[in-house]
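Student: Could you pick one part of this and take me through it closely? I'd like to follow how it fits into the rest.

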Amino acid sequence: MFSCSSCSEISMVLVVSLFVTSLMAMTASAGNFYQDFDITFGDERAKILNGGQLLTLNLDKFSGSGFKSKNEYLLGRIDMQIKLVPGNSAGTVTAYYLSSQGPTHDEIDFEFLGNLSGDPYTLHTNVFSQGKGNREQQFHLWFDPTKAFHTYSIVWNSQRIIFLVDNIPIRVFNNLETIGVPFPKNQPMRIYSSLWNADDWATRGGLVKTDWTQAPFTASYRNFQASTTSTNSLTEQSAWQTQGLDAAGRNRLRWVQQKFMVYNYCSDLKRFPQGLPTECRRSRF
């Protein structure tokens, strides 16, 4: 429960962010799933509908399903609206991420870990650079992500990576190459998404298993947008290429991390008995 003293702050954050998200939707045309993506597995469990404006992934006892982008991206802003598996989604994982290939791959992750009906999803984030990850931060959301579509965005420029939900920043990973921390900025990455069964670990460490009587499980996608150097005019490039957090953005980030963060690798002293990773000792903004 939030205290009344925080209600006006929360309301203002949500109103401003929803306005910005709506403005973005009006000023940029949505992608077409036929043109922009290929189905990678699942056969008929992955479906492109409404003339390419909607994509659904399904999971049943025999298989999940997934897709990937036809194009690779090197820096840019990626937006996708997703409506997650409703009801008892325990054991399921809906993954949405950017990744290159190979043992020294780079990767920027959103993963949505399902839960029992009435319990919150866990939004799992991670950043891999040169094959090394272990940079997990996890959050509960301030809304039910199964009732409607919400926008999940990655801003990726040479200075930082910003994870956003409905245009509210939830995480920033800064470029700290100057102190020896690898940063993903040289390997082009594709967009991937999949819905799959991970009941050996996804919900309460694997204690809660997938209830296959609830299958098929369905996640839905729409309004994909990619803004990169190849898609922007010269006048548009500066927005994502230099995007950081202003004072209002830093306040929103603090609000999310104080109210909704449930795990931060930078606070896990037991996991790193020899000392926290180098980036954890520097400002997160």
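**How the strands line up**

Tutor: Let's start with one pair: phenylalanine 37 stands opposite serine 69 in strand 4. Strands here are DSSP runs of E with at least two residues, helices are runs of H or I with at least four, and both are numbered from the N terminus. Keep in mind that this is a predicted model, where local features need pLDDT of at least 70 and side-chain atom pairs count only at pLDDT 80 or more, while totals for chains, interfaces and linings use all residues. Residues are numbered from 1 along each chain as its sequence is written, and side-chain values use heavy atoms, with hydrogens and water left out.

Now zoom out a little from that pair. Strand 1 and strand 4 (residues 65-69) run antiparallel and share four bridges; strands count as paired if DSSP finds at least two bridges between them. Strand 4 is also joined by four bridges, again antiparallel, to strand 13 (residues 190-197), and there glycine 66 sits opposite serine 194. Strand 13 in turn pairs with strand 6 (residues 92-99), antiparallel over eight bridges, with leucine 195 as the bridge partner of threonine 94.

Put those pairings in context and you get an open sheet of eight strands, ordered 1-4-13-6-7-8-9-15 with antiparallel pairing. Its edges are strand 1 (37-41) and strand 15 (261-264), each of which pairs on one side only. From one strand to the next, the twist averages 15°, where axes are lines fitted to C-alpha atoms (for helices, over the stretch in contact) and angles run from 0 to 180 degrees between N-to-C directions.

There is another open sheet, this one of seven strands in the order 2-3-14-5-10-11-12, also with antiparallel pairing. Strand 2 and strand 12 (168-174) are its edges, pairing on one side only. Neighbouring strands of this sheet are turned by 20° against each other on average, ignoring direction.

At one edge, strand 2 and strand 3 make a hairpin with four residues between them, and asparagine 50 in the turn has a positive phi of about 55°. The two strands run antiparallel, with four bridges joining strand 2 to strand 3 (residues 54-59), and lysine 47 has threonine 56 as its bridge partner. In a regular strand the side chains alternate between the two faces of the sheet. Strand 2 (residues 46-49) shows this nicely: Ala46 and Ile48 point to one face and are buried, whereas Lys47 and Leu49 point to the other and are not. Buried here means under 20% relative accessible area, exposed means over 50%, and partly exposed is in between (1.4 Å probe, protein chains only).

At the other edge, strand 11 (residues 160-165) and strand 12 are antiparallel over six bridges, and valine 165 stands opposite isoleucine 168. Strand 11 also holds a residue worth a look, isoleucine 161. Beyond its neighbours within four places in sequence, isoleucine 161 has contacts that include Ile108, Val127, Trp156, Val172 and Phe183; a contact means heavy atoms within 4.5 Å.

Ile161 is also among the residues that touch the most other members of the largest nonpolar core, which has 55 residues; Met80, Phe110 and Trp142 are in that group too. A nonpolar core is a set of buried Ala, Val, Leu, Ile, Met, Phe, Trp, Tyr and Cys residues joined through side-chain atoms within 4.5 Å. Strand 14 (residues 217-227) gives the most to this core, with four residues. A second, separate core has six residues, including Val155, Leu164, Val172 and Leu253.

After strand 15 you'll find the one disulfide in the whole structure, a disulfide being a pair of cysteine sulfur atoms within 2.5 Å. Cysteine 266 and cysteine 280 form the disulfide, with their sulfur atoms 1.9 Å apart. The link is left-handed, at -75° about the S-S bond, and both cysteines are buried.

As for the whole chain, there are four helices and 15 strands, and 52% of the 285 residues are buried. How confident is the model, on average? The mean pLDDT (the predictor's confidence in each residue, from 0 to 100) is 88, and 85% of the residues score at least 70. Go carefully at the start, though: pLDDT stays under 50 over residues 1-13, and the value is below 50 over residues 15-29 as well.
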